[in-house]
Amino acid sequence: MEYFQEEDSVTLTGYNSFSISETLECGQCFRFEKINENEYHIVAFSKSLFIRQEEDKTVFYRTSIQEFEEIWIPYFDLNNNYQNIKETLASNDFVMRDAVEYSPGIRILRQEPWECLISFIISQNNNIPRIRKIIDTLSRTYGQPIGDFFAFPTPEELGRASIEDLFNCKTGFRAKYIHDAVTKIRSGLLELNAVHQMELTEARELLMSIKGVGRKIADCVLLFAYARAEVFPTDVWVKRVVQHFYFNKQDTPVAQIHKLAEDQFGLYAGYAQQYLFVYARNFL
């Protein structure tokens, strides 16, 4: 991987296993807009980024080498060797082989934990266009402007909102869950930075102490914000996918699905979940 700066852009070359469209549109994040084929706008970590991918290079606009190294390399997990991950997953599993070949450019984003947590609370019983609209409304109402866009509000900024205010932002029943997360974090009862050092079970239980956060949401946050790739977020759709491919289409308890993911995929379970999710979404 090589990169260099030209004016206000950074050009990345010499990489593999990185597709912007596959990475952004696989359901792991919500704050992006597709401008045209292989060109997107992203808001993350209170930064606004335009990114365009061509056959042999990716150009990051309105950024600097320092910002690229500090924010965008970690965000897109560009220092991780995905070729090794894909080969390991596919080595003894024909389902994973096909799934990896279908979307070889997926990377697991490293999102800001607070925004990731609230985003997946909002995702409950929701569709992606509506999730994105709610997040945009919260950002425009309570977040700080960054050029023509808005950063996601901090816990302090979102703390200005009552449950009724949050409900008026179209969050629905999730308003009380968002309010509980804000209250726990602002009071110090829940420290998101501490999750980085916690054992997996302890970290999951801490996140699940927030009202409305079950194991699936906690595991999404652990995977997409804390790089805990051993987790296997399992919602109704993922359950159906695993049942179809690994349990002869038979109804299977979630605990058994988690056991299969642990045994079959180990420390790469989170990657496997993303490849399977996208593959099955287009074939089942």
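Here are some questions and answers about this structure, which is a predicted model.

Q: How many aromatic pairs does the count come to?
A: A pair of aromatic rings is described by the distance of the centres and the angle of the planes. Rings of Phe, Tyr and Trp pair if their centres lie within 6.5 Å. By this rule, the count comes to 20 aromatic pairs.

Q: Is the aromatic pair of W72 and Y75 stacked or edge-to-face?
A: The ring centres of W72 and Y75 are 5.5 Å apart, and their planes meet at 90 degrees. Planes over 60 degrees apart count as edge-to-face. The pair of W72 and Y75 is therefore edge-to-face.

Q: Which helix holds both W72 and Y75?
A: W72 and Y75 are three residues apart, about one turn of the helix. Both are buried. The helix they lie in, residues 65-75, is helix 2.

Q: Is Y177 buried or exposed?
A: Y177 forms an aromatic pair with F173, at 6.0 Å centre to centre and 80 degrees between the planes. Its partner F173 has a relative accessible area of 35%, so F173 is partly exposed. For Y177 the relative accessibility is 17%, and buried means under 20%. Y177 therefore counts as buried.

Q: Which residue lies over the face of Y177?
A: Look for a residue at 4.8 Å from the ring centre of Y177. A charge sits over a ring if NZ of Lys or CZ of Arg is within 6 Å of the ring centre and within 35 degrees of the ring normal. The residue over the face of Y177 is K176.

Q: Which helix gives the largest share of the lining of the largest pocket?
A: The largest pocket has a volume of about 590 Å³ and is lined by 28 residues. Helices 6, 11, 12 and 14 are the elements that give two or more residues to this lining. The largest share, five residues, comes from helix 11.

Q: How many residues of the lining of the largest pocket are charged?
A: Among the residues nearest the centre of the largest pocket are K216 and D235. Asp, Glu, Lys and Arg count as charged. The lining divides into 13 nonpolar residues and eleven polar ones, while the charged residues number four.

Q: Why are K184 and D180 separated by about one helical turn?
A: Side chains of opposite charge can pair when their charged atoms come close. K184 and D180 form a salt bridge, with the closest N and O atoms 2.7 Å apart. Both residues lie in helix 9. They are separated by about one helical turn because their spacing in that helix is four residues.

Q: Is D263 buried or exposed?
A: D263 forms a salt bridge with K259, the closest N and O atoms being 2.6 Å apart. K259, at 44% relative accessibility, counts as partly exposed. The relative accessible area of D263 is 53%, and exposed means over 50%. D263 is therefore exposed.

Q: How many salt bridges does a search of the whole structure find?
A: A salt bridge is a side-chain nitrogen of Lys or Arg within 4 Å of a carboxyl oxygen of Asp or Glu. One example joins R140 and D136, at 2.9 Å from N to O. In addition, R52, E54 and K57 are linked in a network of salt bridges. The number of salt bridges found in the whole structure is 14.

Definitions and conventions. Residues are numbered from 1 along each chain as its sequence is written. This is a predicted model: local features need pLDDT of at least 70, side-chain atom pairs count only at pLDDT 80 or more; totals for chains, interfaces and linings use all residues. Side-chain values use heavy atoms; hydrogens and water are left out. Rings of Phe, Tyr and Trp (its six-membered ring) pair if their centres lie within 6.5 Å; planes under 30 degrees apart count as stacked, over 60 as edge-to-face and the rest as tilted. Buried means under 20% relative accessible area, exposed over 50%, partly exposed in between (1.4 Å probe, protein chains only). On a 1 Å grid over the protein atoms alone, a cavity is a set of points where a 1.4 Å probe fits but cannot get out, and a pocket is an open set with protein on both sides within 12 Å along at least five of seven lines; lining residues have an atom within 4 Å of a point. Grid points are joined across faces, edges and corners, and a volume is the space filled by probe spheres set on the points.
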